[in-house]
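This report walks through side-chain packing, charge pairs and ring pairs. Please keep the sequence and the structure open while reading.

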Amino acid sequence: MSLRWPRFLPKSLIGPRLRAIFRKELLAVLRDPRARLILVTPPLIQFFLFSFASTMEVTNIRIGVLDLDGGQWSREIVERIEGSPNVREVRVMRSDAALEKAIDRQDVIAVLRFGPEFSADVDAGRPAAFGAVYDGRRSNAAQIVSSYMQRIVGDVSPATPRGSAIAARLDGRGSGTTVRNWFNPNLDYIWFVMPALIAIIAAVSSIAVVSQSVARERELGTLDQLLVSPLRTHEILIGKMFPPIVVGLFNVTLFVILTPLVFGVPLTGSLPLFYLSLVFYLLALTGIGMLISVVSATQQQAFLGMFALTVPMIILSGYASPVDNMPGWLQAITWLNPPTWFLVVSEGTFLKAMPASDVLSNTWPLAVQAVLSLWAASALFRSRME
Amino acid sequence: MIDPARHPRAARFTAMMLKETRQILRDPSTFLIAFVLPVMLLFLMGYGVNLDATSTRVGMAVEDDSGAAGSLAGTFAASRYFDVVETGSVQELGDRMVAGDIRAIIVIPQQFGREVAAGGGEIQVITDGALPNTASFVAGQAEGVRATWAAQRASDHGMAVAPPIDVLSRFWFNPALASRNFLVPGAIAIVMTMIGSLLTALVVAREWERGTLEALMATPIGMGEFLLTKIVPYFALGIVSMTLCTLLAIFLFGVPFRGSVFALFAIAAVYLVPALGQGLLISSALKNQFVASQVALLTAFLPTMLLSGFVFEIASMPKLLQALTYIVPARYLIPQIQTVFLAGDDWGLFAPNMAILLGFGAVLFGLCVRSTRRRIA
């Protein structure tokens with residue numbers, strides 16, 4: 001494999017030593033075919049796994065019904081549930097014991113229980129109620145199913161005697177809450193997942209590459225050869241920063257193209273601003289990866305260090321759950337977490353047509369993180385050489 | 001000690017186990033994966049991941065100057081679900097929502113006071129759809145606050161306001177709907193996968209890489225014995241780490257534990273069989289630490305996070321992905337571990353899942369023996 005300096009860039013852009021080390025570092029990463037595969041395959045697998053697996057919708061629901069009423073209104077509600085596109089099966093229960101067992105065994109996620117007086121109450125215009133039992137072990141899904149049930153009841157209610165009496169009294173005047181969702185009108189979960197995933201894949205792939213860099217040369221003993229070469233320390237480190245940034249830019253660009261094409265996520269913001277922010281993001285990630293690499297004596301240590309750092313980085317990024325929901329002290333820690341900032345930029349660029357001022361206010365912390373981590377890495381590298 | 005002259009097999013086995021145990025205890029990476037990472041993961045899941053939006057930052061746009069509008073705005077400000085950080089026009093607040101400073105705008109429109117006087121009253125909620133989960137929670141909570149306010153006001157005026165049909169919802173096993181109660185037990189499943197598959201793959205691959213395993217195979221030890229000496233110490237490590245996590249879950253995070261200790265240990269022990277099988281298979285099939293670690297991440301760690309039903313509902317995934325989940329061992333662990341923590345012992349649910357996991361274990365170890373034989377030959 002041969003790598004040449006691209007013709008469209010003037011050779012005088014950087015000195016010959018830097019050109020040589022860029023070439024060497026890129027070759028070191030891309031030479032081994034198996035390593036090349038490892039660079040591109042996991043991000044692609046993650047792209048498809050995350051995008052299809054992460055859904056907050058609940059479909060193919062199985063619901064149990066214990067109908068002691070058997071009247072018009074309980075049947076009406078059950079029919080509407082059966083007709084819902086999210087429901088796969090309605091199981092008829094005969095007793096409270098069957099209800100209990102079906103929930104315990106997770107055969108159904110919820111059971112509706114209509115008492116014997118239900119339809120009579122509705123017909124008489126009295127407030128009527130039925131019970132719903134949900135499997136709280138899957139509390140998130142249970143809550144979503146519960147909101148589906150509320151919606152179905154809301155659809156049935158106006159047709160009841162009491163409902164039409166209330167409607168007559170309002171005489172066309174509004175009541176209740178109307179909801180509008182900006183940036184993502186149908187609350188498509190994938191619209192949130194894909195921009196977040198871009199921030200995460202960039203972090204995972206670039207840190208994986210850079211954390212191995214110094215550690216591998218140290219384990220193989222080639223670091224000493226590099227040190228006795230005419231290269232200065234900062235040139236060695238700049239050289240090591242080059243491949244992760246190239247890999248990060250490559251992966252992100254691939255995803256920026258695929259996300260609107262495959263998943264129809266709108267791209268409303270400015271790409272130049274996005275890439276400006278991305279460069280600082282990748283520099284901050286590279287600094288952190290470099291710190292791991294400089295501290296590690298072996299590749300195994302570097303791998304473990306990378307794993308121990310990227311897992312919390314992802315969990316605290318705002319992808320797993322909103323940063324707003326975290327306790328204050330943990331929110332303070334996220335200030336140091338590059339993905340937390342870039343996730344805002346990525347979501348903003350795709351969905352919110354984020355203006356320059358907002359992009360920049362989420363980018364300068366990344367610049368601070370980049371400067372601090374790169375400075376710390378080079379200081380440690382120097383001190384470990386002596 | 002066992003006398004080697006009388007019980008050569010037993011003595012050999014004990015010596016090997018001792019060697020393996022020492023080797024594990026000496027390695028700092030073991031300590032990191034088996035104790036530091038699990039505790040960190042538990043803390044992150046316990047404190048960091050919170051799917052229950054408790055106090056969402058919102059802006060309020062009150063376009064009506066009636067007493068009713070003021071009263072409702074006050075109710076929102078006092079609600080524990082909302083943190084009203086700003087008031088202003090929809091347009092001003094819209095800019096704040098683009099910046100991500102607020103997650104929703106609650107609008108009380110001009111004619112609200114007149115509508116309330118006639119027994120109605122409609123408000124508008126504009127959510128930040130870029131966070132779909134928060135958006136749908138906020139919409140529901142805003143309607144809840146409004147409905148409670150309307151009911152209170154109506155009963156103050158002596159009017160009955162009960163809706164035509166009411167749903168009396170109950171959430172069994174987790175009545176407060178704390179997401180922590182299912183996230184923390186799920187984290188224990190991830191921890192056992194980390195030790196069983198990731199750590200084992202990484203450490204044993206290093207031994208293959210360095211050739212120390214070939215040296216061992218030259219001794220009179222048999223294949224089964226050899227694999228067993230690798231399995232037992234990591235198995236013990238998995239159980240110890242699981243116990244540590246469970247104690248933290250119960251005593252630090254207050255996750256209820258309604259099952260029996262025996263059932264918990266049985267569930268964990270059975271799950272470690274396929275997890276260790278997978279780790280050993282990865283390490284003996286691939287020669288290289290870096291590749292083994294990446295493969296373990298992709299085939300064990302990621303599926304446990306994404307395809308086990310831990311966070312995302314399996315039934316809601318596309319068909320192809322649903323089919324894939326059947327070969328993810330953690331899929332059979334998650335219902336068991338959630339049940340033993342939140343619901344109690346239910347052997348009707350445990351037994352079939354355990355049988356499947358043991359089946360996986362048998363297949364994986366079979367493959368493992370084959371691939372190890374081939375490597376020696």
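Leaving aside its neighbours within four places in sequence, which residues is Tyr281(A) in contact with? The partners are Ala199(A), Ala202(A), Ala203(A), Pro338(A), Pro339(A), Phe342(A) and Leu366(A). The model is a predicted one.

**Nonpolar cores**

Tyr281(A) belongs to the largest nonpolar core, which has 180 residues. Tyr281(A) is one of the residues with the most contacts inside that core, together with Tyr319(A), Leu306(B) and Phe341(B). Which helix gives the most to this core? Helix H7 of chain B, residues 180–210, does so with 19 residues. Another core lies apart from it and has 33 residues. Among them are Ile81(A), Ile109(A), Ala142(A) and Val153(A).

**Salt bridges**

Side chains of opposite charge can pair when their charged atoms come close. Over all chains, the count comes to 22 salt bridges. Three of these pairs are tabulated here.

| Pair | Closest N to O distance |
|---|---|
| Lys240(A) and Glu25(A) | 2.6 Å |
| Asp135(A) and Arg137(A) | 3.0 Å |
| Arg146(B) and Glu143(B) | 3.2 Å |

Take the pair at 2.6 Å, Lys240(A) with Glu25(A). Lys240(A) sits in helix H10 of chain A (residues 233–263) and Glu25(A) in helix H1 of chain A (residues 16–30), so this salt bridge ties together parts 215 residues apart in sequence. Are these two residues buried or exposed? Both Lys240(A) and Glu25(A) are buried.

Asp135(A) and Arg137(A) are likewise both buried.

The chain B pair is local. Arg146(B) and Glu143(B) share helix H6 of chain B (residues 132–156) and stand three residues apart, about one turn of the helix. Their accessibility classes are as follows. Arg146(B) has a relative accessible area of 9%, under the 20% limit, so it counts as buried. Glu143(B) has 28%, between the 20% and 50% limits, so it counts as partly exposed.

Salt bridges also form a network through shared partners. Which residues does it join? Asp324(A) and Lys352(A) come from chain A, and Arg57(B), Arg103(B) and Asp128(B) from chain B.

**Two buried polar residues**

Asn174(B) is placed in the loop between strand E5 (165–172) and H7 of chain B. Its relative accessible area is 1%, and Asn174(B) is buried. What does the side chain of Asn174(B) reach at 3.5 Å? It is the backbone oxygen of Gly136(A). Not counting residues up to four places away in sequence, Asn174(B) touches Gly136(A), Ser139(A) and Asn181(B).

Gln212(A) lies in helix H8 of chain A, residues 189–220. Gln212(A) is buried at a relative accessible area of 6%. With residues up to four places away in sequence left out, Gln212(A) touches Ser293(A), Gln299(A), Ala302(A), Phe303(A) and Phe290(B).

**Aromatic rings**

A pair of aromatic rings is described by the distance of the centres and the angle of the planes. How many aromatic pairs does a search of the whole structure find? The search finds 32 over all chains.

Why is the pair of Phe43(B) and Phe253(B) edge-to-face? The ring centres are 5.9 Å apart and the planes stand at 75°; an angle over 60 degrees counts as edge-to-face. This pair links distant parts of the chain, 210 residues apart. Phe43(B) is in helix H2 of chain B (residues 28–48), while Phe253(B) is in the loop between helix H9 (223–251) and helix H10 (261–285) of chain B. Phe43(B) is partly exposed at 33% relative accessible area. Phe253(B) is buried at 5%.

Trp172(B) and Phe173(B) have ring centres 6.2 Å apart and planes at 75°, so this pair is edge-to-face. Both residues, Trp172(B) and Phe173(B), are buried.

In chain A, one aromatic cluster is formed by Phe47(A), Phe48(A), Phe52(A), Phe255(A) and Phe263(A).

Arg331(B) sits over rings as well. Its charged end lies over the ring of Tyr326(B), 4.3 Å from the ring centre. The charged end of Arg331(B) also sits over the ring of Tyr332(B), 6.0 Å from its centre.

Technical notes: Residues numbered from 1 in each chain as written. Chains lettered and ligands numbered in written order. Predicted model: local features only at pLDDT ≥ 70, side-chain atom pairs only at ≥ 80, totals over all residues. Heavy atoms only, no water. Salt bridge = Lys/Arg side-chain N within 4 Å of Asp/Glu carboxyl O. Helix = DSSP H or I, 4+ residues; strand = E, 2+ residues; numbered from the N terminus. Buried < 20%, exposed > 50% of the residue type's maximum accessible area, 1.4 Å probe, protein only. Core = buried A, V, L, I, M, F, W, Y, C linked by side-chain atoms within 4.5 Å. Contact = heavy atoms within 4.5 Å. Polar contact = N/O pair within 3.5 Å; in protein donor to acceptor, adjacent residues only side chain to side chain. Phe/Tyr/Trp six-rings, centres within 6.5 Å; stacked < 30°, edge-to-face > 60°. Lys NZ or Arg CZ within 6 Å of the ring centre and 35° of its normal.
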